[in-house]
Amino acid sequence: MEAYSIFKDLAIIIVFAKIFGILARKCKAPQVVGEIIAGLLIGPGILGLVEQTDFLVQMAEVGVVLLMFSAGLETNLKDLLKTGPVAFLIACAGVFVPLLGGALLYMGMYGAAPWGSEKFYTAVFIGVIMTATSVSITVEALKELGRLKGKVGTTILSAAIIDDVLGIIVLTFVVGFKSPDSNPGKVVLSTLLFFAMALLVGFILFHVFKRLDDKYPHTRRIPILGLALCFFFAYAAEQYFGIADITGAYVAGIVLCSIRDSNYIERKMEVSSYMLFGPVFFASIGLKTSIDNVNGDILLFSLGFVLVALLCKVIGCGLMAKLCRFRTADCLKIGVGMMTRGEVALIVAQKGLSVGLLTPVYFTSVIILIIVSSISTPIILKVLYAKDKEEVGAEASA
């Protein structure tokens with residue numbers, strides 16, 4: 001009978017996610033905030049109605065892959081190419097400043113560490129965790145606000161994708177210094193090869209899909225093949241190149257974003273994502289939270305960890321955006337949009353546990369960061385965009 005408990009878990013997740021999503025919207029907060037809180041409430045930390053299982057983890061992974069595929073489909077390729085160099089600079093700042101901030105936080109709380117010591121590598125790894133950006137939550141918030149396709153939204157998307165690639169490279173270098181089995185140079189090469197493959201194969205597949213779209217316009221075979229392409233790119237990115245699957249899914253969306261039926265594909269993807277996979281993904285963030293091992297020292301470290309992680313992203317990305325001549329209000333949006341942490345931070349933390357760079361007690365801090373950033377980012381973005389409307393209204397009435 002245990003095999004059928006997955007249906008009970010899914011029913012609970014969908015109902016609670018919908019109820020709390022509606023409540024969040026009534027409170028003028030994005031729906032994803034409610035879905036994350038729903039996961040926290042029904043998870044083992046509070047009510048214990050749903051346990052995190054391998055099945056739910058895999059469902060959540062499909063959810064984030066579909067979300068990133070949809071984000072790629074909605075991307076304006078011309079805007080992406082236009083913001084590419086700027087996004088790269090913002091991503092570099094979004095990696096360097098949190099990396100430095102995290103290492104200094106650890107050393108400030110537990111004492112300076114000599115170069116090459118175990119403590120030094122732990123301090124650096126705390127910074128590495130902070131470099132990760134979870135663009136999926138920001139994407140959903142921007143979609144709800146209708147701001148995903150603008151210059152700021154495209155810049156955040158591009159910078160977050162580049163940020164994760166840079167973060168993975170930094171992670172590999174740190175692990176490489178700790179473990180002789182790891183080869184940092186190989187990861188850099190794999191990353192370059194992935195984007196070379198994506199450019200070549202994507203160019204060919206774009207023309208294949210364009211011809212199919214011309215011959216069979218607005219037919220279901222187009223989104224079905226598009227979904228297959230999404231899963232293939234996600235698989236190839238992880239399996240053959242060591243790149244995050246969400247990056248592969250986003251690239252697959254980019255490949256198809258310029259065909260005539262890209263909006264039709266996106267609408268078909270939206271049904272399954274909105275009905276099932278999206279709620280499971282956002283609720284899973286709450287499900288991962290456990291408060292069993294929390295004590296005063298961990299709470300104090302977690303407070304500093306969360307504050308430094310959030311502020312470093314806002315400061316690093318915001319200042320670089322300012323240097324790239326964005327308006328001050330847009331710089332703040334970019335900084336806030338880049339401060340969410342999610343699945344990538346968890347992957348990085350898990351890697352640290354497996355190679356001995358991190359002890360399990362600090363995993364609680366990572367979970368708290370994910371929860372706080374996932375809830376606060378959509379709310380702050382909504383406030384910032386609401387101020388834009390107020391300013392426009394004030395100018396119109398003047």
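Here are four short exercises, with worked solutions, on the predicted model shown above.

**Exercise 1. The chain as a whole**

Describe the secondary structure, the burial and the exposed surface of the protein chain.

*Solution.* Start with the secondary structure: the protein chain has 15 helices and 0 strands. Next, turn to burial, where 53% of the 398 residues count as buried. Then take the surface: the protein chain exposes about 18100 Å², and carbon and sulfur atoms supply 68% of that area. Finally, look at the contacts between residues at least 6 apart in sequence; 79% of these join residues at least 24 apart.

**Exercise 2. Two helices that cross**

Work out how H3 and H10 cross, and which residues make the contact.

*Solution.* First find the two elements: H3 spans residues 54-73 and H10 spans residues 245-256. Their axes come within 7 Å, with a crossing angle of roughly 30 degrees. The crossing is right-handed. Now list the partners. From H3 the contact takes in Glu61, Val64, Val65, Met68, Phe69, Ala71, Gly72 and Leu73, while H10 brings Asp245, Ile246, Ala249, Tyr250, Ala252, Gly253, Ile254 and Leu256. Sorted by character, the residues of this contact are 12 nonpolar, 2 polar and 2 charged.

**Exercise 3. A covered helix and a loop residue**

Decide how far H6 is covered, then place Asn76 in the chain.

*Solution.* Begin with H6, residues 135-145: 8 of its 11 residues are buried, so the helix is mostly covered. The buried residues are Val135, Ser136, Ile137, Thr138, Val139, Glu140, Ala141 and Leu142. Just after H6 comes Gly146, with a positive phi near 70 degrees.

Now move to Asn76, which lies in the loop between H3 and H4 (77-110). Is Asn76 buried or partly exposed? Its relative accessibility is 34%, so Asn76 counts as partly exposed. To finish, measure along the chain and through space: Asn76 and Leu148 are 72 residues apart in the chain, yet their C-alpha atoms are separated by 9.7 Å.

**Exercise 4. Cysteines and disulfides**

Count the disulfides, and explain why Cys324 does not bond to Cys331.

*Solution.* Recall the chemistry: a disulfide joins the sulfur atoms of two cysteines covalently. The count here is 0 disulfides. For Cys324, the closest cysteine sulfur belongs to Cys331 and is 8.6 Å away, which is too far for a bond; the cut-off is 2.5 Å. As a last step, compare accessibilities with the 20% limit for burial. Cys324 has 21% relative accessibility and so counts as partly exposed. Cys257 has 10%, so Cys257 counts as buried.

How values were computed:
Residues numbered from 1 in each chain as written. Predicted model: local features only at pLDDT ≥ 70, side-chain atom pairs only at ≥ 80, totals over all residues. Heavy atoms only, no water. Helix = DSSP H or I, 4+ residues; strand = E, 2+ residues; numbered from the N terminus. Buried < 20%, exposed > 50% of the residue type's maximum accessible area, 1.4 Å probe, protein only. Contact = heavy atoms within 4.5 Å. Areas by Shrake-Rupley, 256 points an atom, 1.4 Å probe, with all protein chains shown as cover. Axes fitted to C-alpha atoms, helices over the stretch in contact; angles between N-to-C directions. Left-handed = near helix turned anticlockwise from the far one by under 90°. Nonpolar A, V, L, I, M, F, W, Y, C, P; charged D, E, K, R; others polar.
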